[in-house]
Amino acid sequence: TASVRASDTVARLGGDEFVLVLQGLQPGPAEAAVEAELVAQKVLQELSRPYTLEDAVLYSTPSIGITLFRNQDQSVHELLKRADLAMYQAKAQGRNTLCFFDPAMQAAASARSALEGDIRLGIERNEFLLHYQPVVNAAGHRMGVEALVRWNHPQRGMVSPSEFIPLAEQTGLILPLGQQVLRMACTQLAQWSQQPDTCDWTVAVNVSAQEFRHPDFVKRVLDALRESGANAHQLKIELTESLLLQDVEDGIARMRALRERGVGFSLDDFGTGYSSLSYLKRLPLDQLKIDQSFVRDVLTDPNDAAIACTIVTLAQSLGLDVVAEGVETEGQREFLLRNGCHQFQGYLFGRPVPADQLLTLLKS
Ligand code: C2E
Ligand code: MG
Ligand code: MG
C-alpha cells in the first residue's frame with residue numbers, strides 16, 4: 001500500500017498471490033503501460049528488500065504480471081487469467097521481474113527501460129552538452145544566454161530535451177544530469193567572464209522540481225559556482241510555476257539562500273501554470289519569462305496578445321524584468337516592445353548553438 005496511491009486497490013488473492021488494481025492511469029495505452037511499469041518496479045524494489053525474521057535474514061523474489069483493462073470488456077476472470085499468464089512469464093524469466101500480457105505493452109515498457117539505461121550511460125560517458133541561446137535587449141544587444149541541454153547520442157545523434165527530460169525526472173536521473181548541466185554552465189560562464197565581448201553576459205540554467213527540492217540543492221549550486229570560479233551575480237536559475245506551488249515557504253527559503261549570494265531567479269513558461277498571484281509577490285524573483293505559446297500568436301490571437309500584455313504589466317508592477325520567449329518575427333518583437341517588453345529570446349535573434357558558434361556569430 002505504501003507503493004501505490006490511496007485510490008488504488010491492494011488485495012491478497014490467496015497464498016502468496018496479491019493483486020493491485022491501478023486506476024486513473026493516463027489515457028494512452030503506451031503511457032499507461034509506462035506508468036504501470038513504474039509502480040510495478042517500485043513494488044518489486046520494496047518486496048526485494050531483505051526481511052529480518054528473528055535472527056535470520058530472508059529474501060523474497062517476487063514476479064509481477066501486468067495487463068491493462070481500460071475500455072476493454074473482458075470479464076474479471078479473463079483479466080486475472082491474463083495477469084496470471086504474464087506473471088508466469090515473469091517467473092520463467094528468472095523471477096524478480098515483471099512482464100506484460102500484451103507484447104506491444106511489453107515493447108513500450110522495454111523501450112522505456114532501454115532509454116533509462118541509455119541516459120544513465122550517457123551521464124557516465126559525458127554525452128550531454130549545452131547549447132546556448134542569446135537573450136537580447138531592445139537595442140538587439142546581447143545580455144546573456146539560456147543554457148539548453150542536448151544529448152549527443154552515439155547512435156541517434158543530437159536528441160532534444162523533450163525526449164529525455166521527462167523520463168530523467170521520473171527516474172531521478174535528473175539529479176546527476178542537472179548537476180552536470182550546472183557545472184558545465186558555470187564553467188562556461190567563468191570562461192566568458194574573461195573575455196571583453198562576453199564578460200557581462202548572464203547564463204540561465206533550467207532546474208526541474210526534483211533538483212530544486214533536493215536537500216542539497218543550495219549547496220550544489222554554490223559548489224558549482226565555487227569550483228568553476230563563476231560570478232554568482234551572472235547566474236540565473238529558471239524555475240516553473242508548478243514547481244513553486246508545493247511547499248511555498250521551503251521554496252522561498254531556498255531561493256533566499258542563493259539570492260543572498262547573488263544568484264538570480266526567473267519564472268519560466270509564465271502563464272501556463274496555475275500561479276497564485278498572492279504568493280507570486282512573495283517569491284524572491286528577478287524575472288518572468290512569457291511563454292512562447294502566447295508569443296507565437298501574439299499578432300493574430302487577441303487573447304494571446306492580452307495575456308502577453310498582462311504579463312508585462314504584472315512584471316512591471318512587481319518590479320520584475322520580463323523576457324519574451326520564442327520570438328520568431330520582427331512583427332512579434334515590435335508588438336512586444338511597444339507594449340513594454342524590453343528583452344527577447346527566440347529564433348529571430350539566434351537558435352540555441354554550441355558556445356564556440358555563438359562567438360563566431362557575435363564576431364561576424
Ligand atoms: P524552455 O526552458 O522554455 O526553453 C525554451 C525552448 O524553446 C527551447 O527548447 C528552445 O530551443 C525553444 N525555442 C527558443 N526560441 C524559439 C523560437 O523562436 N521558436 C520556437 N518554436 N522555439 C524556440 P528546447 O531546447 O527543446 O528545450 C525544451 C525544454 O526542455 C526547455 O524549455 C526546458 O524546460 C527543458 N530543458 C532544457 N534544458 C534543460 C536542462 O538543462 N535542465 C532541465 N531541467 N530542463 C531543461
Ligand atoms: Mg527555460
Ligand atoms: Mg520557457
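Select Asp102 to begin. Asp102 sits in the loop between strand 6 (97–100) and helix 3 (103–124). Helices (H or I, at least four residues) and strands (E, at least two) are DSSP runs, numbered from the N terminus. Asp102 is partly exposed, because its relative accessibility is 32%. Buried means under 20% relative accessible area, exposed over 50%, and partly exposed in between (1.4 Å probe, protein chains only).

A word on the model. It is predicted, so local features need pLDDT of at least 70 and side-chain atom pairs count only at pLDDT 80 or more, while totals for chains, interfaces and linings use all residues. Residues are numbered from 1 along each chain as its sequence is written, chains are lettered from A and ligands numbered from 1 in the order in which they are written, and side-chain values use heavy atoms, with hydrogens and water left out.

**Along helix 3**

Next, select Glu116, which is found in helix 3. Is Glu116 buried or exposed? Glu116 is buried, with a relative accessible area of 18%. Show its contacts (heavy atoms within 4.5 Å). Not counting residues up to four places away in sequence, Glu116 touches Leu167, Thr171 and Leu173.

Move on to Asn126. Asn126 lies in the loop between helix 3 and strand 7 (128–137). Its relative accessible area of 56% makes Asn126 exposed. Check the backbone here: phi of Asn126 is near 55°, a positive value in a residue other than glycine.

**To the first metal site**

Now jump from Asp102 to Glu146. The two are 44 residues apart in sequence and 43 Å apart in space, C-alpha to C-alpha.

Which residues coordinate the magnesium ion (ligand 2)? Select Glu146 (OE), Asn206 (OD1), Glu238 (OE) and Asp268 (OD), which coordinate this ion at 2.0 to 2.2 Å. Donors are N, O and S atoms within 2.8 Å of the metal (3.2 Å for Na, K and Ca); water is not among the atoms, so sites may look incomplete. Along the chain, the donors of ligand 2 follow the spacing E-x59-N-x31-E-x29-D. Glu146 lies in strand 8 (residues 142–153) and Glu238 in strand 11 (residues 235–240), so this pair ties together parts that are 92 residues apart in sequence. In space, Glu238 and Glu146 are 9.1 Å apart, C-alpha to C-alpha.

Colour by accessibility. Glu146 counts as buried, at 3% relative accessibility. Glu238 counts as buried too, at 2%. Now show what surrounds Glu238. Leaving aside neighbours within four places in sequence, Glu238 is in contact with Glu146, Ala204, Val205, Asn206, Val207, Ser266, Asp268 and Lys289.

**The strands beside the ion**

Switch to a cartoon view. Two strands pair if DSSP finds at least two bridges between them. Strand 8 and strand 10 (residues 202–206) run parallel and are joined by four bridges. On this pairing, Glu146 stands opposite Ala204 in strand 10. Strand 10 also runs parallel to strand 11, again with four bridges. Pick Val205 here: its bridge partner in strand 11 is Ile237. In a regular strand the side chains alternate between the two faces of the sheet.

**The second metal site**

How far apart are the magnesium ion (ligand 2) and the magnesium ion (ligand 3)? They are 4.1 Å apart, and Asp268 coordinates both. Centre on ligand 3. Its protein donors are Asp268 (OD), Asp269 (OD), Glu325 (OE) and Glu325 (OE), lying 2.0 to 2.4 Å from the ion. In sequence, the donor residues of ligand 3 are spaced D-D-x55-E. Asp269 and Glu325 link distant parts of the chain, 56 residues apart: Asp269 is in strand 12 (residues 264–270), and Glu325 is in the loop between strand 14 (321–324) and helix 13 (330–338). Asp269 is partly exposed, with a relative accessible area of 26%. Glu325 is buried, with a relative accessible area of 8%.

**Two last stops**

Select Asp247, in the loop between helix 8 (241–245) and helix 9 (248–259). Phi of Asp247 is near 45°, a positive value in a residue other than glycine.

Finish at Leu53, which lies in strand 3 (residues 51–53). Add Leu47, Tyr51 and Leu58: with Leu53 they make a nonpolar surface patch of about 340 Å². Patches are made of residues with over 30% relative accessible area and no salt bridge; like charges are joined within 9 Å, nonpolar side chains (Val, Leu, Ile, Met, Phe, Trp, Tyr) within 5 Å. A salt bridge is a side-chain nitrogen of Lys or Arg within 4 Å of a carboxyl oxygen of Asp or Glu. Accessible areas come from the Shrake-Rupley method with a 1.4 Å probe; for residues, only the protein chains shown count as cover.
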